[in-house]
Each structure stands twice: as structure tokens, then as C-alpha cells.
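Work through the exercises below with the structure in view. Try each task before reading its solution.

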Amino acid sequence: MSVDWTKYPPLPEPPVLPPYRDTPEREAYWKELTDFEPIPRFGYIIFAAGLIAFGAGGAFLAWGTAYSSLENWLCAAGSMILIVFLLAFFTRYLCWRICLLKKYGFFMWKLRRPDPSRTVTAVLAVRSDFAEAEFRKYWPSPELADTALEIRQWVRETWALPEKMLYPNDPLMLFYELKMIGDDEDYEVHFLESGVLSEELIFDYDLTFAQLAETTLAGRKEGEQLRKKDGC
């Protein structure tokens with residue numbers, strides 16, 4: 001994922017942007033919390049079974065069928081399954097919260113990430129207007145420049161990215177810290193469909209425009225080679 005900057009033409013100095021993360025400890029806490037699954041996958045199958053049983057019993061009662069014992073049994077069984085599921089969910093979640101409290105020494109409900117959008121807006125405001133010919137000069141190959149132009153266009157359709165110049169060593173924070181005007185799911189699908197890019201790469205502010213463009217291009221080439229190998 002690293003970039004060989006020696007193959008790039010001379011680039012302007014990248015902008016100095018404010019930190020966008022919470023403290024390292026809180027970020028680590030939040031990652032462990034969000035990665036934790038309170039209920040194993042099979043638990044949701046049990047939940048679905050309880051929901052179906054309860055719903056079927058309720059439907060039979062509403063329809064006024066003659067099988068009252070079956071209806072009552074379905075409602076009772078479904079209710080019991082749902083109650084046990086919810087109790088297991090909250091118990092596991094609470095235990096994990098207690099473990100994190102012991103590990104990190106504090107409790108948190110959400111991250112306190114700073115908002116760097118004003119700085120991003122100020123940086124872009126003083127940039128020169130976009131010119132495609134000038135933009136292409138900063139990329140080491142025409143196909144990489146084409147990929148970068150495509151990414152830039154998709155960013156402009158999803159966020160309110162102004163008609164300003166962007167450079168290969170710009171951090172991705174410049175892309176995504178403006179007002180959303182489109183559908184970010186369409187943007188994700190466009191760049192995830194190759195199966196090479198991940199959401200963590202697309203939206204990682206620590207990466208640069210060049211890293212996103214190079215990885216996108218490499219992923220497409222790899223996909224084309226695999227299709228040719230498979231005879232598609």
C-alpha cells in the first residue's frame with residue numbers, strides 16, 4: 001500500500017490538517033467494542049425461530065382457529081425463546097463492557113472525534129481551479145491519471161467537492177469532510193466491486209489520493225488477469 005514517490009513529478013507540499021481521531025486509548029476501546037459480537041451467528045437463527053413461533057401463534061389466535069392449545073403453546077414457546085435471547089444478548093454485552101472497563105480504566109458511550117471540515121474547506125478554498133491538463137501532469141502514467149480522474153468525479157458526485165485542484169499526495173480527508181450530496185453506497189459499490197478494495201481503504205484518512213488510485217488500478221488489473229486466466 002506504500003507509494004513510491006520517486007516516480008511522481010514534483011508535488012506541492014501536502015496540507016497540514018488537524019487530527020480527526022479520538023485518543024489512541026479511546027479508539028482502541030471503540031474498535032474492540034464494535035468488533036465484539038454479543039450473540040453468535042446461530043443465536044440469530046434461534047431468535048428467528050422464536051419470532052416465527054410467536055407470530056404463528058398470534059396469527060392463529062387472530063384467525064380464530066380451533067387449535068387453541070397449539071396457538072397458546074406457540075405463543076408461549078416463542079415468547080420464552082425471545083426472552084432468553086434478549087437476556088443472553090444483554091448479559092454478554094454487559095460482561096464485555098465490564099471487561100473493557102477493567103482493561104482500559106474508563107467507560108464510554110461514543111467517540112469524541114474532532115470535526116476537521118472547516119480546515120478542509122479553508123484548504124480547498126485557496127487552491128487553484130481544476131484543470132485536467134494540469135492535473136494529469138502530477139501522475140506518473142496516463143492510466144493512473146485516468147483512474148484518479150474517475151475517483152475524483154465519483155467523489156464530486158457524492159460529496160460537495162469543489163472544482164479545485166487535487167494532488168496525489170493529498171490525504172483522503174480532503175475528499176470526505178465536506179457535505180454529502182449523493183449516495184455513499186453507490187460510491188462504495190463502484191470501488192468495492194473488484195473485491196480488492198475494502199471500505200477501510202476507501203475511507204482511511206491516513207492514506208493519500210495516490211494510494212487509493214494505485215490500489216484501485218492494481219485491483220482492476222488483477223481482476224482482468226484472473227478473468228483472462230479463467231477464459232471469461
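**Exercise 1. Place cysteine 99 on the scale from buried to exposed.**

Solution. This is a predicted model. Cysteine 99 has a relative accessible area of 43%. Buried means under 20%, and exposed means over 50%. Cysteine 99 is therefore partly exposed.

**Exercise 2. Do the same for cysteine 95.**

Solution. The relative accessible area of cysteine 95 is 42%. Cysteine 95 is partly exposed too.

**Exercise 3. Count the disulfides and explain the count for these two cysteines.**

Solution. Step one: recall the bond. A disulfide is a covalent bond between the sulfur atoms of two cysteines.

Step two: find the partner. For cysteine 95, the closest cysteine sulfur is in cysteine 99, 6.8 Å away. For cysteine 99, the closest cysteine sulfur is in cysteine 95, again at 6.8 Å.

Step three: compare with the cut-off. The two sulfur atoms of a disulfide lie within 2.5 Å. At 6.8 Å, the sulfur atoms of cysteine 95 and cysteine 99 are too far apart for a bond.

Step four: give the count. The structure holds zero disulfides.

**Exercise 4. Describe the largest pocket and its lining.**

Solution. Start with volume: the largest pocket has about 490 Å³. Next, look to its centre. Among the 17 lining residues, Arg21, Arg113, Glu200, Phe203 and Asp204 are the closest to it.

Then trace the helices. Both α1 (24–35) and α9 (199–202) supply at least two lining residues each. The largest share is five residues, and it comes from α1.

Finish with residue classes. The lining has nine charged, seven nonpolar and one polar residue.

Notes: Residues are numbered from 1 along each chain as its sequence is written. This is a predicted model: local features need pLDDT of at least 70, side-chain atom pairs count only at pLDDT 80 or more; totals for chains, interfaces and linings use all residues. Side-chain values use heavy atoms; hydrogens and water are left out. On a 1 Å grid over the protein atoms alone, a cavity is a set of points where a 1.4 Å probe fits but cannot get out, and a pocket is an open set with protein on both sides within 12 Å along at least five of seven lines; lining residues have an atom within 4 Å of a point. Grid points are joined across faces, edges and corners, and a volume is the space filled by probe spheres set on the points. Helices (H or I, at least four residues) and strands (E, at least two) are DSSP runs, numbered from the N terminus. Ala, Val, Leu, Ile, Met, Phe, Trp, Tyr, Cys and Pro count as nonpolar, Asp, Glu, Lys and Arg as charged, and the others, Gly among them, as polar. Buried means under 20% relative accessible area, exposed over 50%, partly exposed in between (1.4 Å probe, protein chains only).
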